[in-house]
Amino acid sequence: MNIIYYISNITIPIILVIILMHGYIKNVDIFDAFISGAYDGLKTTASILPSLIRLITAVGIFRSSGTMDFLCKIVSPISRLTGFPSALVPMSITKMFSSSAATGMLLDIFKTYGPDSFYGISASIIMSST
């Protein structure tokens, strides 16, 4: 088991050294390539950020308006008949709209019930499904 610990500690430095050596062998200006990549990453972040803020706001409004509770009340008789845990209904509904908001709910389920509980395992399966 200790070998895995040592391998995991040296993996990233080895990858960085390989990248630097490859850039040196190919005669690439590594610093300029890094700056260019960072600039492209910032442009991508800036283009995604407004949509992400809107989505997070919409999910917050959806949860706080009571619509989530209303939908859970509608779906709860069906979930009781099928044996689907009622604690997972809000996360399942939210997952249809926002995977990141559902991930937040998943963490709440982990805090409440634990990741190794029936609810935690079921929620993990739901989150890994498309």
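**Exercise 1. Aromatic rings**

Y113, F118 and Y119 form one aromatic cluster. Find how many aromatic pairs the whole structure holds, and classify the pair Y5 and Y6.

*Solution.* Start with the model itself. It is predicted, so local features need pLDDT of at least 70, side-chain atom pairs count only at pLDDT 80 or more, and totals for chains, interfaces and linings use all residues. Residues are numbered from 1 along each chain as its sequence is written, and side-chain values use heavy atoms, with hydrogens and water left out.

Step 1: take the rule. Rings of Phe, Tyr and Trp (its six-membered ring) pair if their centres lie within 6.5 Å; planes under 30 degrees apart are stacked, over 60 edge-to-face, and the rest tilted.

Step 2: search the whole structure. Three aromatic pairs turn up.

Step 3: apply the rule to Y5 and Y6. Their ring centres are 5.6 Å apart and their planes meet at 70°, so the pair is edge-to-face.

Step 4: check the surface. Buried means under 20% relative accessible area, exposed over 50%, and partly exposed in between (1.4 Å probe, protein chains only). Y6 has 53%, so Y6 is exposed.

**Exercise 2. The length and bend of α2**

Test whether the span of helix α2 (residues 30-64) agrees with 1.5 Å a residue. Then locate its bend.

*Solution.* Step 1: define the helix. Helices (H or I, at least four residues) are DSSP runs, numbered from the N terminus.

Step 2: compute the expected span. It is 1.5 Å times one less than the number of residues. For the 35 residues of α2 this gives 51 Å.

Step 3: compare. The end C-alpha atoms are 48 Å apart, which agrees.

Step 4: find the bend, the angle between axes fitted to the seven residues ending at a residue and the seven starting there. α2 bends by about 35° at L49, and the proline P50 follows within four residues.

Step 5: look at both sides of the helix. The loop between α1 (2-25) and α2 holds N27. Phi of N27 is near 60°, a positive value in a residue other than glycine. N27 is exposed, at 70% relative accessible area. After α2 comes G66, with a positive phi near 95°.

**Exercise 3. The nonpolar core**

Describe the largest nonpolar core and name the elements that give two or more residues to it.

*Solution.* Step 1: define it. A nonpolar core is a set of buried Ala, Val, Leu, Ile, Met, Phe, Trp, Tyr and Cys residues joined through side-chain atoms within 4.5 Å.

Step 2: count. The largest core has 14 residues, and M68, M91, I93 and A123 have the most contacts inside it.

Step 3: assign elements. Those giving two or more residues are α3 (67-82), α4 (89-97), α5 (99-113) and α6 (118-128). The largest share, four residues, comes from α5.

Step 4: follow M68. Contact means heavy atoms within 4.5 Å. Leaving aside neighbours within four places in sequence, M68 touches F62, R63, P90, I93, T94 and M105.

Step 5: recall a general trend. In soluble globular proteins, nonpolar side chains tend to be buried together.

**Exercise 4. Two serines of α3**

Decide whether S76 and S79 are buried or exposed. List what S79 contacts beyond its neighbours within four places in sequence.

*Solution.* Step 1: place them. S76 lies in helix α3, and so does S79.

Step 2: read the areas. S76 has 18%, so S76 is buried. S79 has 4%, so S79 is buried too.

Step 3: list the contacts. Leaving aside neighbours within four places in sequence, S79 is in contact with F84, S86 and V89. For S76, a polar side-chain atom lies 3.0 Å from the backbone oxygen of K73.

Terms used. Polar contact = N/O pair within 3.5 Å; in protein donor to acceptor, adjacent residues only side chain to side chain.
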